[in-house]
Amino acid sequence: NVDALVQRVYRAVKAKNPALVFGISPQGNRSNNYKEQYIDVDLWLREPGYVDYIAPQIYFGFENASRPFAETAAEWSRQVRLPNIDLYIGLAPFKLGQTDQWAGDSGKEEWLDTTDILARMVQTAREQSAYGGFALFRYDSLFHPSEETAEQVETELANLKDTF
């Protein structure tokens, strides 16, 4: 039912104006999308008429025990089977200065003192064949950071800007 709904929304958008783009930002864990949310993202990426772009929430660090960033970005890129679908990698600056309780022992402290994780993620994402860009989640974490993370965020943003 969700897939049918997505297809109907896509058709409605295109009927209104074929130049408009429609996309979705699913969880970065593809298995969860299918098994827990009952959405077949792989279908959307191999059959026309569902999305113009996909922006998976790849909110995992490079050292994440179960979903390392580089491997997860590559996995998503491989799933994009149509040349007219762009892959926008969703990044998690809201994790800067935080312990990542879901990353396992190897990656739980990766976001604490980093100064260039976002820049490295963008550079890694650009290596993917379906790469179309990136998205940063959450505005406040970048432009209204807490006092404790403000300096780190400023450094991260400066390093990110250097990738352009």
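**Exercise 1.** Work out whether lysine 95 is buried or exposed, and which residue is its salt-bridge partner.

*Solution.* Start with accessibility: lysine 95 comes out at 14% relative accessibility, so it counts as buried (buried means under 20% relative accessible area, exposed over 50%, partly exposed in between, with a 1.4 Å probe and protein chains only). Next, look for a salt bridge, meaning a side-chain nitrogen of Lys or Arg within 4 Å of a carboxyl oxygen of Asp or Glu. Aspartate 100 fits, with the closest N and O atoms 2.8 Å apart. Finally, check that partner: aspartate 100 is buried too, at 5%.

A quick note on the input: this is a predicted model, where local features need pLDDT of at least 70, side-chain atom pairs count only at pLDDT 80 or more, and totals for chains, interfaces and linings use all residues. Residues are numbered from 1 along each chain as its sequence is written, and side-chain values use heavy atoms, leaving out hydrogens and water.

**Exercise 2.** Find the salt-bridge partner of arginine 120 and say how accessible both residues are.

*Solution.* The partner is aspartate 116, with the closest N and O atoms 3.1 Å apart. Arginine 120 is partly exposed at 32% relative accessible area, and aspartate 116 is partly exposed at 29%. Elsewhere, salt bridges with shared partners tie Arg30, Asp42, Arg67 and Glu75 into one network.

**Exercise 3.** Take one link of that network, glutamate 75 with arginine 67, and check its distance and burial.

*Solution.* The closest N and O atoms of this pair lie 3.4 Å apart. Glutamate 75 is buried at 17% relative accessible area, and arginine 67 is buried at 18%.
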